[in-house]
Amino acid sequence: MLNSKTALVTGSTSGIGLGIAIVLARQGANIILNGFGDSEAPKAEVLAAGKAHGIKVGYHGADMSKAAEIEALMAYAAADFGGVDILVNNAGIQHVANVEDFPVAKWDAIIAINLSSAFHTTRLAIPQMRRKNWGRVLNIASAHGLVASAGKSAYVAAKHGLVGFTKSIALETATTGITVNAICPGWVLTPLVQKQIDDRSAREGIPVLQAEKELLGEKQPSLQFTTPEQLGELAVFLCSDAASNVKGQAWAMDGGWTAQ
Ligand code: NAD
């Protein structure tokens, strides 16, 4: 379904980004990976997922907190892939502390990576999408783009900002073949969440499994984690023709979190 399209997924060496990249590859999209750490194993996984379609997979290690590196990433996409048709703004980090104890550098990093990076990739991707009159921008926000939790001021501010950014760009491109939407996951068991489970286990002196149950029970009525694969399937739907009139939405997949 996505043959001849190129998808850039930021922060895709791990977790949700890697899951979305794999599912898009299965649909025949060429994939540009980005993120820190080992890139060879994720590249091999994505290549294998798209093998039947003979897809092309690339990687660029831009630090998404740095505008100049994002510009280099987008230049690489233009030169090696002819541009980006599907832009998945997924890179993100978390830090938990009350506002009076929140490290200033962490605030700045969360705003830069979780919010401003989407501005930079989008401003550079939209001109080509307009020329082709086709494009998909998927911003991986969060349940925290819709509601708040204590201790996560920077993350909640960035994710609410990302949802607002999504709506604004959806309106700017409303009469074109470009759609811009946010996906709002609840808890997904990735390294970003495992750290919060481990911190809870240490803080409360309880086993990790109990900490995991408590974390789910507090917010996610289904008591089940959403999987990266499920988020990938939602991304595929939003890339399909059936979703061509879905514009500016913040689509939750959160086990009922934001229904409460
Ligand atoms: P993760 O820690 O598994 O993956 C984060 C990815 O981002 C990694 O590939 C990492 O290398 C990359 N990254 C981090 N900083 C970067 C930087 N400066 N430049 C480039 N890449 C960078 O986390 P995840 O849980 O998969 O989170 C992915 C996205 O989903 C984030 O935006 C997160 O806020 C969002 N999200 C996660 C959950 C969850 O429960 N896990 C829920 C809602 C939203």
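These notebook entries follow what I looked up in this structure, from overall confidence to single residues.

**Entry 1, confidence.** I began by noting that this is a predicted model, and I therefore looked at its scores before anything else. The mean pLDDT of the chain is 98, and 100% of its residues reach 70 or more. For the model as a whole I noted an ipTM of 0.99 and a pTM of 0.98.

**Entry 2, domains.** I next looked up how the chain is divided, and found domain 1 (6-186 + 227-251) and domain 2 (189-225). Taken over C-alpha atoms, the centres of domain 1 and domain 2 lie 25 Å apart. To the contact between them, domain 1 gives seven residues and domain 2 gives seven residues. I then asked how the side of domain 1 that touches domain 2 is made up by class, and wrote down two nonpolar, five polar and no charged residues.

**Entry 3, the ligand.** I turned to the shell around the ligand and found that 29 residues surround the ligand, with G11, G15, G35, G92 and T190 the closest. Which domains does the shell draw on? It takes at least three residues from each of domain 1 (6-186 + 227-251) and domain 2 (189-225). Among the helices, I noted that α1 (15-26), α4 (104-132) and α6 (191-204) each supply at least two residues of this shell. By class, the residues of the shell divide into 13 nonpolar, 15 polar and one charged.

**Entry 4, strand β5.** I then followed β5 (135-140), and wanted to know whether its residues are buried or exposed. The strand is mostly covered, since six of its six residues are buried. Going through the two directions in which the side chains point from β5, I listed G135, V137 and N139 one way and R136, L138 and I140 the other way, and all of them are buried.

**Entry 5, the neighbours of β5.** I looked up the strands that pair with β5, starting with β4 (residues 86-89), which pairs with β5 in the parallel sense over four bridges. As a point of reference in this pairing, I noted that L87 has V137 of β5 as its bridge partner. The other pairing I followed is with β6, which runs parallel to β5 and is joined to it by six bridges. Here I140 stands opposite I183 in β6.

**Entry 6, strand β6.** For β6 (residues 178-185) I again checked burial, and found the strand mostly covered, with eight of its eight residues buried. Both faces of β6 are covered, with I178, V180, A182 and C184 on one side and T179, N181, I183 and P185 on the other, all of them buried.

**Entry 7, positive phi.** Finally I looked up two residues that have a positive phi although neither is a glycine, namely S4 and N133. For S4 the phi is about 75 degrees, and its place is in the segment before β1 (6-9). I counted S4 as exposed because it has 10 C-beta neighbours inside 10 Å. For N133 the phi is about 50 degrees, and this residue lies in the loop between α4 and β5 (135-140). Why does N133 count as exposed? It does so because N133 has 9 C-beta neighbours inside 10 Å, and the cut-off for an exposed residue is 12 or fewer.

Notes. Residues numbered from 1 in each chain as written. Predicted model: local features only at pLDDT ≥ 70, side-chain atom pairs only at ≥ 80, totals over all residues. Near = placed C-beta within 6 Å. Nonpolar A, V, L, I, M, F, W, Y, C, P; charged D, E, K, R; others polar. Domains from an automatic or database assignment. pLDDT = per-residue confidence, 0-100. Buried ≥ 20, exposed ≤ 12 C-beta atoms within 10 Å, placed from the backbone. Pairing = 2+ DSSP bridges.
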